[in-house]
Amino acid sequence: MEVKRVRVTNRKQFEHLVSRMEAHPTVAKGLKFSEASGVSQDAFVSVWKELAAGLNSLGPPIRTVKDWQKVWTDYKLKVKHKLAHNKREVNATGGGPNNMKVLSPCEEAVVEMLSLDKTVNHSGSAFGLPRRPPPSASPLVSQPSLHPSPPGSPLLSSTMRQQAISADEADQVECDRGIRDEGIENSHSPARRKRKQSNTRDVRHELLMEQTKCMQKIVEHTGDCARYARKMCKLREEEVKNRKEYLLQKEKDRKADLEYKIELLQYKKKKLDILERQYRKK
């Protein structure tokens, strides 16, 4: 039984890989992102070929372009898993040892280049509802974490930014609530209610008119599609019919050709018999 040999990428190769990806951030995010950013596939492949040559010069190990692309994908996934682990440790409750994973300089460069901390510690509204501070705490004061993050960790800075953003969102929600309450108080007059109802009816009427026009267009296009489908069906039937006639004629021609060859062979046989008789008489 043969044991598969494991090729381990050395430290210099990782440092060279990260530095070259910092020089080409669009290539670092993959082929689809590069094409969307205006980088052609040929340019993407040429950058990876040049990068693979440089990495192989620092080897062993020696890999192909496709293998180096897989190494880069696995490296990004490894860094993302570390960030997710650190986030779980920060959000964990109860006591216990600190299991935070410290990122290396290369990994921190990857986090900053690809903004992986934003994908793990995303901020903003969830399911359309703004974030609100808990009723027992002030919006600007955050509770201390039971598992502090190590210094220099990108998860700590991203968590602090997320708390500041949550406080700003809470202030904005309170401001919007006050403006909405004032608008409700001012909208109690009968004239304003009638004007609002009239505007609502006008908007509904316009929407219904647009929907009716869209339905009419759909009906027209459906009729055209049905007409073209019937034409295609007739053409297909004619094609099948012509194909059958062609095959039948071809079979008849082949049969006639075989009959001609059989008659020719019989004629040659009779001729040989006559020659044989003449030869015997002599």
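**Helices and salt bridges in a predicted model**

The protein chain of this predicted model has nine helices and zero strands.

User: Which pattern does the protein chain follow when read along the sequence?
Analyst: The chain holds nine helices and zero strands. Read along the sequence, the pattern is therefore written with helix symbols, helices and strands being numbered from the N terminus. That pattern is α-α-α-α-α-α-α-α-α.

User: What percentage of the residues in the protein chain is buried?
Analyst: A residue counts as buried when its relative accessible area is under 20%. The protein chain has 282 residues, and the buried share of them is 20%.

User: How many salt bridges does the model contain?
Analyst: Side chains of opposite charge can pair when their charged atoms come close. A pair is counted here when a side-chain nitrogen of Lys or Arg lies within 4 Å of a carboxyl oxygen of Asp or Glu. By this rule, the number of salt bridges is eight.

User: Which residue forms a salt bridge with Glu 15?
Analyst: Glu 15 lies in helix 1 (residues 11-23), and its partner lies in that helix too, four residues apart, about one turn of the helix. The closest N and O atoms of the pair are 2.9 Å apart, within the 4 Å cut-off, so the pair counts as a salt bridge. The partner is Arg 11.

User: Is Arg 11 buried or exposed?
Analyst: Its partner Glu 15, at 36% relative accessibility, counts as partly exposed. Arg 11 has a relative accessible area of 56%. Because a value over 50% is the condition for the class, Arg 11 is exposed.

User: What separates Asp 74 and Lys 70 along helix 5?
Analyst: Asp 74 and Lys 70 form a salt bridge, with their closest N and O atoms 3.0 Å apart. Asp 74 is partly exposed at 38% relative accessibility, whereas Lys 70 is exposed at 52%. Because the two residues are four residues apart in helix 5 (residues 65-91), what separates them is about one helical turn.

User: How far apart are the closest N and O atoms of Arg 227 and Asp 224?
Analyst: Both residues belong to helix 9 (residues 190-281), where they stand three residues apart, about one helical turn. Arg 227 is partly exposed at 35% relative accessibility, and Asp 224 is partly exposed at 27%. The two form a salt bridge, and the distance between their closest N and O atoms is 2.7 Å.

Technical notes: Residues numbered from 1 in each chain as written. Predicted model: local features only at pLDDT ≥ 70, side-chain atom pairs only at ≥ 80, totals over all residues. Heavy atoms only, no water. Buried < 20%, exposed > 50% of the residue type's maximum accessible area, 1.4 Å probe, protein only.
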